[in-house]
Amino acid sequence: MDKPSVWSSNRFWRRSATWVTGVSAVLLILLTFDSMSQMTMGTEQDIKNKVDKRIPSPVVINYKIDYQLNRKRGHEVPIIGGMDANGNSKYEEKEKFFGRDDYSEKEARELIHLGKLTIQAKNCMDCHTLLGNGAYYAPDLTKAWLDPNWETLAPAYGGKEYAIAAFLQNPPAMAMHERKMPNLGITKEEAKAVVAYLKFMSAIDTNGFPRNFGKIKGAVDAWK
Ligand code: HEC
């Protein structure tokens, strides 16, 4: 009798299946640990030690945040506290946020948490996306803090954060486009917290998401 082909051997397939499952499991575990370290929020100490974290500590709201093209990576990245000659964050230049640039980690965390609760309670994702999740009626809010529009309005309101807070408390009064955001009854306290959340979110390194944000004139123009 001829020797049976390896392709019809039960033993061969059983072994292959075992190996493929085993190797995939090991890879998945390694990748999970790699993602975990990238997804872990940084601390105030990281910022003091100039350690880059994809998700920086909440105290990032004490710093100036820019968005600059990184040629090596081929997209914009958040620059926190000024940029050094190599295009990296300096973590030095502070910026007043509602009159202060000394929020403690606890204070900043609580403020951003209230912002998150407000965003959930008012269902902003009915119209907007956050980190790409949500609806497509209105612009993605991930980098809304960096919308050049707020720079333009800042002088009249005494700062970018005040301009965004004013908008959030009465959007129709400051409408920038035909498609308007309704008044959602956001209080002054909630507006401040939402702005903190937006500022914090703009400092997250999202691998350039949303695409082309820095190249369009104001994020709100994206859907026009
Ligand atoms: C019913 C739909 C709707 C809901 C709900 C909504 N928005 Fe909006 N939002 C809009 C539209 C439309 C615009 C563009 C308005 C304009 O330019 O005048 C906008 C604009 C914005 C902007 C300016 C964006 C930029 O890039 O400058 C911010 C910030 C914002 N919304 C935050 C929020 C937050 C926070 C919530 C929840 C508390 C929320 N929105 C809920 C429709 C909505």
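Start by selecting strand β2, residues 75–80. This strand is mostly covered, with five of its six residues buried. Keep in mind that the model is predicted.

Now add strand β1, residues 65–70. β1 and β2 run antiparallel and pair over six bridges. Show side chains for one facing pair: Y67 sits opposite P78 of β2. Next, colour the link between the strands. β1 and β2 make a hairpin, and four residues separate them. Stop at G74 in the turn, where phi is positive, about 75°.

Move on to the helices. Select α3, residues 105–121, together with α6, residues 188–202. Their axes lie 7 Å apart and the packing angle is about 105°. An angle of 65 to 115 degrees counts as roughly perpendicular, and α3 and α6 are therefore roughly perpendicular to each other. To see the contact, show L111, I112, L114, G115, K116, T118 and I119 on the α3 side. On the α6 side, show E190, A193, V194, A196, Y197 and F200. Colour this contact by class: nine residues are nonpolar, two are polar and two are charged.

Last stop: the ligand. Select the 29 residues around the ligand, then pick out C124, C127, A138, M176 and M181, which come nearest. Which helices each supply at least two residues of the shell? Select α3 again and add α5, residues 160–169; both helices do so. Finish by colouring the shell around the ligand by class. The shell has 19 nonpolar residues, along with five polar and five charged ones.

Methods:
Residues are numbered from 1 along each chain as its sequence is written. This is a predicted model: local features need pLDDT of at least 70, side-chain atom pairs count only at pLDDT 80 or more; totals for chains, interfaces and linings use all residues. Axes are lines fitted to C-alpha atoms, for helices over the stretch in contact, and angles run from 0 to 180 degrees between N-to-C directions. Angles under 35 degrees count as roughly parallel, over 145 as roughly antiparallel, 65 to 115 as roughly perpendicular and the rest as oblique. Two residues are in contact if their C-beta atoms, placed from the backbone, lie within 7 Å. Ala, Val, Leu, Ile, Met, Phe, Trp, Tyr, Cys and Pro count as nonpolar, Asp, Glu, Lys and Arg as charged, and the others, Gly among them, as polar. A residue is buried if 20 or more other C-beta atoms lie within 10 Å of its own, exposed if 12 or fewer, and partly exposed in between; C-beta atoms are placed from the backbone. Two strands pair if DSSP finds at least two bridges between them. A residue is near a molecule or strand if its C-beta atom, placed from the backbone, lies within 6 Å of it.
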